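User: I am new to this structure and would like to learn how its features are read. Could you take me through them in turn, giving the general idea and then the case at hand?

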Amino acid sequence: MTDAIEDLAVLRERSDVLLQQVTGAQERVRPVQAADASGQVTVRLDADGRLESVQVGFTWDRTLTAAELPAAVLEAVAQARIEQVEQYGEAIRAIEDEPEPRARPARTDTPMMDAFRERVEARGGGTDAARELTEEILLDARAGLDEANRLLDEHAGRRFQARSTSGHVTATALGNGEVDAIELDTSWVPRAHPANLGREITEAMLAAAQRARREGLSAVLQATKLADIARMAVGDTTTPEGDRR
């Protein structure tokens with residue numbers, strides 16, 4: 001048993017060091033701006049990889065057709081994501097060359113431990129109560145995994161559409177919030193000012209991504225047993241918005 005405990009302690013320390021390194025790399029990632037191959041469409045992503053803006057050049061229609069414009073936007077987004085991944089890779093390599101951070105001490109005063117102790121005491125305390133509660137938590141975790149897997153199957157392939165304020169642009173996002181299709185009102189595009197083109201494309205893409213985050217798989221998973229256990233681990237007792245259970 002002692003060897004197992006020591007192995008777990010080593011694993012915890014290595015995991016904490018890795019977590020610090022990954023977090024440090026993420027903090028070094030900056031907003032990026034990239035263009036499509038024509039140079040007429042430019043997008044900007046924030047440090048978390050979310051879309052900030054789409055800009056369409058004043059001479060875009062000399063190199064692109066209205067039908068090609070949506071693909072150019074998605075190409076610019078893809079290029080920006082590539083550049084951000086490269087940033088992250090460079091940050092990881094730089095961190096690997098730096099002195100390794102020390103593992104932080106294990107805490108025994110975490111919200112989860114406090115909640116666990118309170119629940120054990122409520123059952124009369126002692127080893128039997130602790131073992132019984134642990135078994136219940138493990139059963140809930142297994143049930144939560146089963147529930148999450150079921151939801152993954154049910155929601156796989158779901159897509160979420162949203163339109164710009166004027167309705168001239170429609171964007172479709174996957175469940176992870178990433179836009180993979182854009183439709184333009186072809187009768188509006190030729191007479192639209194490039195600034196309005198960029199603004200409405202941005203509006204539609206942000207609205208589709210927001211809807212995916214609000215109604216997609218990640219939102220559904222927040223109401224599972226697994227999410228309840230995760231919230232308990234950080235001491236969050238609030239109920240997810242929209243949860244009616």
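Analyst: Let us begin with the packing of a helix on a sheet. In this predicted model, helix H2 lies across strands E1, E2 and E3 and runs at about 40° to E2. H2 covers residues 69-97.

User: In which order do the three strands stand in their sheet, and how are they paired?

Analyst: The order of strands in a sheet is read from their pairing. Here the order is E1-E2-E3, in an open sheet with antiparallel pairing. E1 and E3 are the edge strands, since each pairs on one side only. On average, neighbouring strands of this sheet are turned by 15° against each other, direction ignored.

User: How many bridges join E1 to E2, and how many join E2 to E3?

Analyst: E1 (residues 32-35) and E2 run antiparallel and are joined by four bridges. Five bridges join E2 to E3, and this pair is antiparallel as well. Individual residues can then be placed against their partners. Alanine 34 stands opposite valine 43 in E2, and glutamine 33 stands opposite arginine 44 in E2. On the E3 side, the bridge partner of arginine 44 is serine 53. Arginine 44 is thus set against glutamine 33 and serine 53.

User: What should I expect of the side chains along such a strand?

Analyst: In a regular strand, side chains alternate between the two faces of the sheet.

User: Which glycines take a positive phi in the two hairpins?

Analyst: A hairpin is read from the residues between its strands. The hairpin of E1 and E2 has five residues between the strands, and glycine 39 there takes a positive phi near 80°. The hairpin of E2 and E3 also has five residues between its strands; there glycine 49 takes a positive phi near 85°.

User: How many residues of E2 are buried?

Analyst: Burial is judged by relative accessible area, and a residue under 20% counts as buried. Four of the five residues of E2 (residues 41-45) are buried, so this strand is largely enclosed by the rest of the structure.

User: Which residues of helix H5 are buried, and what covers them?

Analyst: The buried residues of H5 are Pro194, Leu197, Gly198, Glu200, Ile201, Thr202, Ala204, Met205, Ala208, Ala209 and Ala212. Their cover includes E3 (51-56), H2, E4 (159-163), E5 (169-174) and E6 (179-184). The helix itself has 22 residues and reaches 32 Å from its first C-alpha to its last, close to the 32 Å expected at 1.5 Å a residue.

User: How is a salt bridge recognised, and how many are there?

Analyst: The test is a side-chain nitrogen of Lys or Arg within 4 Å of a carboxyl oxygen of Asp or Glu. By this rule the count comes to 12 salt bridges. One of them joins the side chains of arginine 123 and glutamate 136, at 2.6 Å from N to O. Arginine 123 lies in the loop between helix H3 (111-122) and helix H4 (127-155), and glutamate 136 in H4, so the pair ties together parts that are 13 residues apart in sequence. Arginine 123 is partly exposed at a relative accessible area of 33%, and glutamate 136 is partly exposed at 31%. A network of salt bridges links Arg123, Glu132 and Glu136.

User: What is the separation between the partners when a salt bridge lies within one helix?

Analyst: Two cases may be considered. Arginine 131 forms a salt bridge with aspartate 128, with the closest N and O atoms 2.6 Å apart. Both lie in H4, three residues apart, about one turn of the helix. Arginine 131 is partly exposed at 45% relative accessibility, whereas aspartate 128 is exposed at 54%.

In the second case, arginine 199 and glutamate 203 form a salt bridge with their closest N and O atoms 3.3 Å apart. These residues are four apart in H5 (residues 194-215) and are separated by about one helical turn. Arginine 199 is partly exposed at 40%, and glutamate 203 is partly exposed at 25%.

User: How does the chain read as a whole, in its elements and its burial?

Analyst: The chain has seven helices and six strands. From the N terminus on, these elements run α-β-β-β-α-α-α-β-β-β-α-α-α. Of the 245 residues in the chain, 33% are buried. The accessible surface comes to about 15400 Å², of which 52% belongs to carbon and sulfur atoms. Among contacts between residues at least 6 apart in sequence, 60% join residues at least 24 apart.

Terms used:
Residues are numbered from 1 along each chain as its sequence is written. This is a predicted model: local features need pLDDT of at least 70, side-chain atom pairs count only at pLDDT 80 or more; totals for chains, interfaces and linings use all residues. Side-chain values use heavy atoms; hydrogens and water are left out. Buried means under 20% relative accessible area, exposed over 50%, partly exposed in between (1.4 Å probe, protein chains only). The expected span of a helix is 1.5 Å times one less than its number of residues. Contact means heavy atoms within 4.5 Å. Two strands pair if DSSP finds at least two bridges between them. Accessible areas come from the Shrake-Rupley method with a 1.4 Å probe; for residues, only the protein chains shown count as cover. Axes are lines fitted to C-alpha atoms, for helices over the stretch in contact, and angles run from 0 to 180 degrees between N-to-C directions.
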